[in-house]
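Work through the three exercises below with the sequence and the 3D view at hand. Each task is followed by its solution in steps.

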Amino acid sequence: GDCDGPENSRMRVLRTLPFLSLAAAIRVPHVNMGLFDALTSKAPRYGPPVVIGEESLMSQKAHGTSEVPVQKDLRWNCGADLADRICNFNRHYAENAGYWERSTTFLKEEEANTEEITFFDSNSGDPLFYGPRGRTWQSFVKESRSHGWPSFRDAEVNWDYVRVLPDGECVSTAGTHLGHNLPDGTGNRYCINLVSVAGRPADGPVERHIGPKA
């Protein structure tokens, strides 16, 4: 699931919850009970600035949960086949831990960039995240490396286009699966697949990826 690394074991456990008693879950090492409560409660638990989305955002559309396939020419050499599966035909799983760091050109291209990076929806081209914002590039990279996925904070989210579903899934208003909100001791932490936010601004016609559906 999203954010393997330190969360890998607990996410594997949580995916078995329909068959796992609460008592058994408590006995499993590494299960964060705050995360357990968050993912099993149906009531919205996130206060401002989080914008809670409806499940209908992820209803089946022309191309999975989106109206269109991902853009063909994604940034940072992100794989379009992988992006299309993660963005449009998936609700729970993620690119491999460290993919953003080891399998793309993200760090090589951006480490010398002194400007804030805008991360665009790989389907719609809408701006979803801005970062680093309110912290250094080194801080952003360190936190993302520690979890295995790009990790954003409240100030870096564009709530015009990002929603958090009651179970913590992060999605875009276009129906793109982005990742999950996994709050920690310092607040909300949005653990996001780079392939989901590697789009380019859709100012005009955009060439779309044509590949096998997941």
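**Exercise 1.** In this predicted model, find the strand order of the open sheet of five strands and state which strands stand at the edges.

Solution.
- The order of the five strands is 3-7-6-5-4, and the pairing is antiparallel.
- Strand 3 (151-152) and strand 4 (162-164) have a single partner strand each, so one side of each lacks a neighbour in the sheet; these are the edges.
- Inside the sheet, strand 5 (residues 169-172) pairs with strand 6 (residues 177-181) in the antiparallel sense, over three bridges.
- In this pair, Glu169 of strand 5 stands opposite His180 in strand 6.

**Exercise 2.** Decide how the buried residues of helix 7 are placed around its axis.

Solution.
- Helix 7 (residues 137-147) has these buried residues: Trp137, Phe140, Val141, Glu143, Ser144 and His147.
- Viewed down the helix axis, they fall within an arc of 165 degrees, so they line one face of helix 7.
- Gln138 and Lys142 are exposed, on the face turned away from the buried side.
- The cover over the buried residues includes helix 5 (99-102), helix 6 (106-110), strand 1 and strand 3.
- Gly148, just after helix 7, takes a positive phi of about 100 degrees.

**Exercise 3.** Locate Ser124 and list the side chains that its own side chain joins by polar contacts.

Solution.
- Ser124 sits in the loop between strand 1 (117-120) and strand 2 (127-131).
- Its side chain makes a polar contact of 3.3 Å with that of Asp121 and another of 2.9 Å with that of Asp126.
- Leaving aside residues up to four places away in sequence, Ser124 touches Gln71, Ala174 and Ala202.

Terms used: Residues numbered from 1 in each chain as written. Predicted model: local features only at pLDDT ≥ 70, side-chain atom pairs only at ≥ 80, totals over all residues. Heavy atoms only, no water. Helix = DSSP H or I, 4+ residues; strand = E, 2+ residues; numbered from the N terminus. Polar contact = N/O pair within 3.5 Å; in protein donor to acceptor, adjacent residues only side chain to side chain. Contact = heavy atoms within 4.5 Å. Pairing = 2+ DSSP bridges. Buried < 20%, exposed > 50% of the residue type's maximum accessible area, 1.4 Å probe, protein only. Arc of directions from axis to C-beta.
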